[in-house]
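Reader: Could you take me on a close look at one part of this model, the enclosed space and the residues around it? I would also be glad to hear about the ligand and the open pocket afterwards.

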Amino acid sequence: GTSVTVSIFSRTPGVGKSTLAQQLAERSGLEWISVGDLARDNNFFDGYDDERDCPILDEDKVLDELEDMIEEGGKIVDYHGCDFFPERFFDIIFVLRTDNTLLYDRLAARGYHGKKLEDNIECEIMNVLRDEAKDSYADHLVHELPSNTTDDMENNLERMLLWINAWKRDNNC
Ligand code: DAT
């Protein structure tokens, strides 16, 4: 596209994806697209995954809907999976990481318990999303960011804003 597109991914909820995306949108002027919200608002689902206790995303419908928005550029895209987006969608990919004990507390505070809580923690321990991103995109595009403390969040924002400004300078926009 003619303007930068940034993505923010993490497999589990509670890592700070929405908070970071929203603040980055406010401070960068880029437009935040929550793929989860987009799917919910348009009912881009195809069945229900009983194992993981969540609706199954209709990836083709999501990609169709996203295509023109990505073409416009100037977007921040966030989702809890990333292997079905084409690499050309993104100029940079940030994967948020939270230490297990902190993540456990944040998910428990949101009412997660039992198998769903354990499964989410295990995904984080097993680096599921990080590996998915590394398998799907060129190494230099994928950047892991810690999201443990509010200082981390502020540092992440600063780092993303610096990167976006450098990209604009390099691309004359
Ligand atoms: P997500 O969108 O990944 O589900 P969120 O942005 O809703 O997560 O944040 C979940 C909770 O954790 C929310 O109460 C804010 C808090 N939080 C997020 N990032 C944090 C950070 N880096 N340090 C401390 N708290 C954080």
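Author: Happy to. A cavity here is a set of grid points where a 1.4 Å probe fits but cannot get out, and its lining residues have an atom within 4 Å of a point. Please keep in mind that this is a predicted model.

Let us begin with the enclosed space. The structure holds one cavity of 30 Å³ or more, and the volume of the largest cavity is about 30 Å³. Its lining is made up of Arg-11, Leu-96, Arg-97, Cys-123, Glu-124, Asn-127, Val-128, Leu-129 and Arg-130. Strand 6 (92–97), helix 5 (114–125) and helix 6 are the elements that each give two or more residues to this lining. Helix 6 gives the most, with three residues. Sorted by class, the lining of the largest cavity holds four nonpolar residues, one polar residue and four charged ones.

One of these lining residues, Arg-130, deserves a longer stop. Arg-130 sits in helix 6, which covers residues 128–136. Setting aside neighbours within four places in sequence, Arg-130 is in contact with Val-95, Arg-97 and Glu-144. With Glu-144 there is also a polar contact of 3.3 Å, side chain to side chain. Arg-97, another partner of Arg-130, is itself among the residues that line the cavity.

Now to the open space. The largest pocket contains about 1200 Å³ and is lined by 42 residues, with Arg-11, Arg-52, Cys-54, Tyr-79 and His-80 nearest its centre. Arg-11 is a name you have met already, as it is listed in the cavity lining too. Elements that each supply at least two residues to the pocket lining include helix 1 (17–28), strand 2 (31–34), helix 2 (35–42) and strand 3 (45–49). Strand 4 (54–57), strand 5 (75–79) and helix 5 do likewise. For the pocket, helix 5 gives the most, with five residues. By class, the pocket lining divides into 14 nonpolar, eleven polar and 17 charged residues.

Finally, the ligand. It is surrounded by 14 residues, and the closest are Gly-14, Ser-18, Thr-19, Arg-110 and Thr-149. Three of those side chains are worth following on your screen. Ser-18 has a polar side-chain atom 2.3 Å from an oxygen atom of the ligand. For Thr-19, an N or O atom of the side chain is 2.5 Å from a ligand oxygen atom. For Arg-110, the distance between a side-chain N or O atom and an oxygen atom of the ligand is 2.6 Å. Taken alone, the ligand exposes 540 Å², and the protein buries 74% of that.

Conventions
Residues numbered from 1 in each chain as written. Predicted model: local features only at pLDDT ≥ 70, side-chain atom pairs only at ≥ 80, totals over all residues. Heavy atoms only, no water. Helix = DSSP H or I, 4+ residues; strand = E, 2+ residues; numbered from the N terminus. Polar contact = N/O pair within 3.5 Å; in protein donor to acceptor, adjacent residues only side chain to side chain. Contact = heavy atoms within 4.5 Å. 1 Å grid on protein atoms, 1.4 Å probe; cavity = no way out; pocket = protein on both sides within 12 Å on 5 of 7 lines; lining within 4 Å. Points joined across faces, edges and corners; volume = space filled by probe spheres on them. Nonpolar A, V, L, I, M, F, W, Y, C, P; charged D, E, K, R; others polar. Near = heavy atom within 4 Å. Areas by Shrake-Rupley, 256 points an atom, 1.4 Å probe, with all protein chains shown as cover.
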